[in-house]
Amino acid sequence: MNADVLVIGGGLAATWTALAAAQAGGDVVLADKGYCGTSGVTATAGVTHWFVRPEDHERAVTERHAHAGGLADHEQALRVLRTTWERLPALDRYYPFPVRDGVPDRTHNVRGPEYLRAMRGLVHRAGVRILDHHPALELLLRPDGSVGGAAGVRRQAGGTWQVRAGAVVLATGGTAFRSHLLGSRGNTGDGHLMAVEAGARLSGMEFSNYYTLAPAFSTMARSMSYLFGTYTDAGGHEIALPSGPDRNRVLAAALLRGPVFTTLDRAPDWVRRTMPVVQPNFLLPFTRRGLDPYTDRFEVTLLGEGTIRGVGGLTVTAPDCATDVPGLFAAGDVASRVPIVGAISGGGSPNSAWAVSSGTWAGRAAVRHARTAGSAPLRPAGRAGIRPSGRTATVDTAGVIDVVRDELNAYDKNMFRDGPGLRASLSTLNTLWTEVESALTGEGRDAVAARETAALLAMGRWVKEAALRRRETLGMHWRTDGQEAAA
Ligand SMILES: Cc1cc2nc3c(=O)[nH]c(=O)nc-3n(C[C@H](O)[C@H](O)[C@H](O)COP(=O)(O)OP(=O)(O)OC[C@H]3O[C@@H](n4cnc5c(N)ncnc54)[C@H](O)[C@@H]3O)c2cc1C
């Protein structure tokens with residue numbers, strides 16, 4: 001196929017990108033690994049946007065950046081607030097925000113499944129051609145190194161696909177390292193690997209270790225309701241939890257000692273009333289087991305979110321979300337959100353606002369770029385997992401992914417970090433990388449598994465490398481052998 005703009009991904013950022021590009025007059029193709037409208041981590045959750053009245057923008061950014069570790073960019077965060085204020089009302093006709101004082105309350109939590117369904121509708125009506133179940137495997141480059149399209153596999157119809165485009169926007173999400181976080185199975189870092197192969201840079205990769213509570217018997221990760229729990233160890237002794245980000249560290253330390261239980265008995269009435277409305281799937285795993293989370297004690301776990309509500313990713317240049325590679329743009333969680341939130345998590349509202357605003361900027365800029373792009377021949381850029389550097393051999397991809405899962409999720413390796421531990425992890429991952437890079441490839445659906453394995457491994461190495469280099473504790477990057485950063 002040919003298009004002005006190819007958007008890779010089908011989640012929050014991809015749909016806002018495709019909408020903006022189509023509204024700017026572009027001929028747009030969107031290729032998703034899953035089914036656009038149900039894929040990505042917002043579709044299974046409920047999200048709140050950083051949606052602030054213009055007169056409060058300065059204050060909101062200043063307050064947020066007080067905890068950013070000195071890494072955030074005040075002006076860039078203000079731009080996010082301005083664009084989100086401008087763009088989010090596009091959802092009004094298709095999503096039933098509660099009405100307050102006669103106007104939709106867009107600061108309210110948005111139910112993920114309905115949000116993404118509405119976004120698919122908006123994108124479809126804007127004339128975007130949607131390719132569901134079309135995972136992208138690699139970028140296509142022009143002789144001058146600029147990006148001119150992408151190629152992948154048709155998972156349901158069989159065969160392969162190729163789109164030649166004036167510009168490509170990556171919106172493939174963050175990477176959750178197969179932690180079993182709900183909705184994140186397809187978030188394997190494919191976009192990061194494709195971009196780096198084309199010459200893009202990454203930043204903030206050490207800030208990639210955000211964790212969320214879930215019942216031990218379920219993948220239903222949630223944040224807000226768990227603030228109201230009483231936590232106990234196996235002996236029934238209460239675990240005293242501090243407020244703020246240190247809470248997870250205390251919980252993780254307790255989980256390393258043994259099972260941890262909670263009862264959400266401190267949840268006020270308004271939370272109990274609101275949960276079924278804003279996050280209808282939250283109660284399902286409990287209901288199926290005959291449990292009442294507000295009165296019964298149940299075991300919990302912390303699921304890794306990697307770079308989803310952790311914030312590292314592709315470096316983009318303000319103001320249009322271009323990467324270092326001409327013709328390649330990035331939107332949403334695949335991009336570094338360090339300029340917006342610094343060293344702390346992008347959850348709790350900035351991430352969604354970033355998906356809306358970065359998608360808007362990238363979509364519009366991609367259309368502008370496409371108008372200047374030539375029609376030179378294209379060459380595929382994919383390497384690891386596609387074109388091995390040595391002799392093809394069978395690689396135990398499930399085994400490789402198990403190792404990545406452990407190195408990037410285990411609390412004592414990823415949350416509590418020290419030099420010897422990081423070096424040991426890196427050495428393990430580097431050994432596997434040598435094997436994967438030189439021998440792994442696949443056909444059809446196996447091609448997707450091969451590429452996902454390579455991407456997960458590549459992302460794991462970049463995280464450990466960045467974590468090793470930043471010797472001080474800063475934000476979510478906690479070095480047990482380092483000093484607290486001065487910032
Ligand atoms: C439980 C939970 C609660 C959250 N709550 C909030 C909140 O209240 N406020 C907030 O700001 N943020 C919140 N977040 C974060 C927010 O959901 C994300 O920042 C947002 O979903 C990012 O959108 P995205 O499109 O970049 O990535 P995703 O939504 O993860 O979408 C990634 C997309 O890329 C596709 N894809 C991946 N690889 C390929 C490939 N190779 N080819 C084609 N397509 C591909 C996937 O299929 C998917 O469609 C929450 C996250 C979780 C997990």
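Analyst: Two strands pair if DSSP finds at least two bridges between them. The strands themselves are DSSP runs of E with at least two residues, helices are runs of H or I with at least four, and both are numbered from the N terminus. The structure is a predicted model, in which local features need pLDDT of at least 70 and side-chain atom pairs count only at pLDDT 80 or more, while totals for chains, interfaces and linings use all residues. Residues are numbered from 1 along each chain as its sequence is written.

User: What is the strand order in the open sheet of four strands?

Analyst: The order is 12-15-14-13, and the pairing is antiparallel. Strand 12 (210–215) and strand 13 (230–233) each have a single partner strand, so they stand at the edges, with one side of each left without a neighbour in the sheet. From one strand to the next, the twist averages 45 degrees.

User: How do you know that strand 14 and strand 15 pair?

Analyst: Three bridges, in the antiparallel sense, link strand 14 (residues 260–263) and strand 15 (residues 298–306). The rule asks for at least two, so the two strands count as paired. Val260 has Val300 of strand 15 opposite it.

User: Which helix lies across strand 12, strand 13, strand 14 and strand 15?

Analyst: That is helix 6 (residues 246–257), which runs at about 120 degrees to strand 15. The axes are lines fitted to C-alpha atoms, for helices over the stretch in contact, and angles run from 0 to 180 degrees between N-to-C directions.

User: Which strands pair with strand 10 in the parallel sense, and over how many bridges?

Analyst: Strand 1 does so over six bridges, and strand 17 over three. Ala3 stands opposite Ala165 in strand 10, and Val169 has Phe329 of strand 17 opposite it. Strand 9 (residues 147–153) runs antiparallel to strand 10 and is joined to it by five bridges, with Gln162 as the bridge partner of Ala151. Strand 9 and strand 10 form a hairpin with six residues between them, and Gly158 in the turn has a positive phi of about 85 degrees.

User: Why is helix 1 called largely enclosed?

Analyst: A residue is buried if 20 or more other C-beta atoms lie within 10 Å of its own, exposed if 12 or fewer, and partly exposed in between, with C-beta atoms placed from the backbone. In helix 1, 11 of the 12 residues are buried, so the rest of the structure largely encloses this helix. Among them are Leu12, Trp16 and Leu19. The buried residues pack against strand 1 (2–8), strand 2 (28–31), helix 4 (112–125), strand 10 (160–170) and helix 10 (350–370); packing here rests on contacts, meaning C-beta atoms within 7 Å.

User: How do you know that the span of helix 1 is close to the one expected?

Analyst: The expected span is 1.5 Å times one less than the number of residues. For the 12 residues of helix 1 (residues 12–23) that gives 16 Å, and the first-to-last C-alpha distance is 17 Å. Helix 3 (residues 74–87) has 14 residues and reaches 20 Å, against an expected 20 Å.

User: What makes His133 partly exposed and Cys321 buried?

Analyst: His133 has 17 other C-beta atoms within 10 Å, a count between the two cut-offs, so it is called partly exposed. Cys321 has 30, so it meets the cut-off for buried. Phi is positive in both residues, near 55 degrees for His133 and near 65 degrees for Cys321. Most residues other than glycine have a negative phi. His133 lies in the loop between strand 7 (129–131) and strand 8 (136–141), and Cys321 in the loop between strand 16 (313–314) and strand 17 (328–330).

User: Why does the radius of gyration agree with a compact globule?

Analyst: The globule rule is 2.2 Å times the number of residues to the power 0.38, and the radius is taken over C-alpha atoms. For 487 residues the rule gives a value near 23 Å, and the protein chain has 22 Å, so the two agree. Of these residues, 52% count as buried.

User: Which residues come nearest to the ligand?

Analyst: Of the 41 residues around the ligand, they are Gly11, Gly40, Gly173, Gly332 and Asn351. A residue counts as near if its C-beta atom, placed from the backbone, lies within 6 Å. Helix 10 gives the most to this shell, with four residues.

Notes. Two residues are in contact if their C-beta atoms, placed from the backbone, lie within 7 Å.
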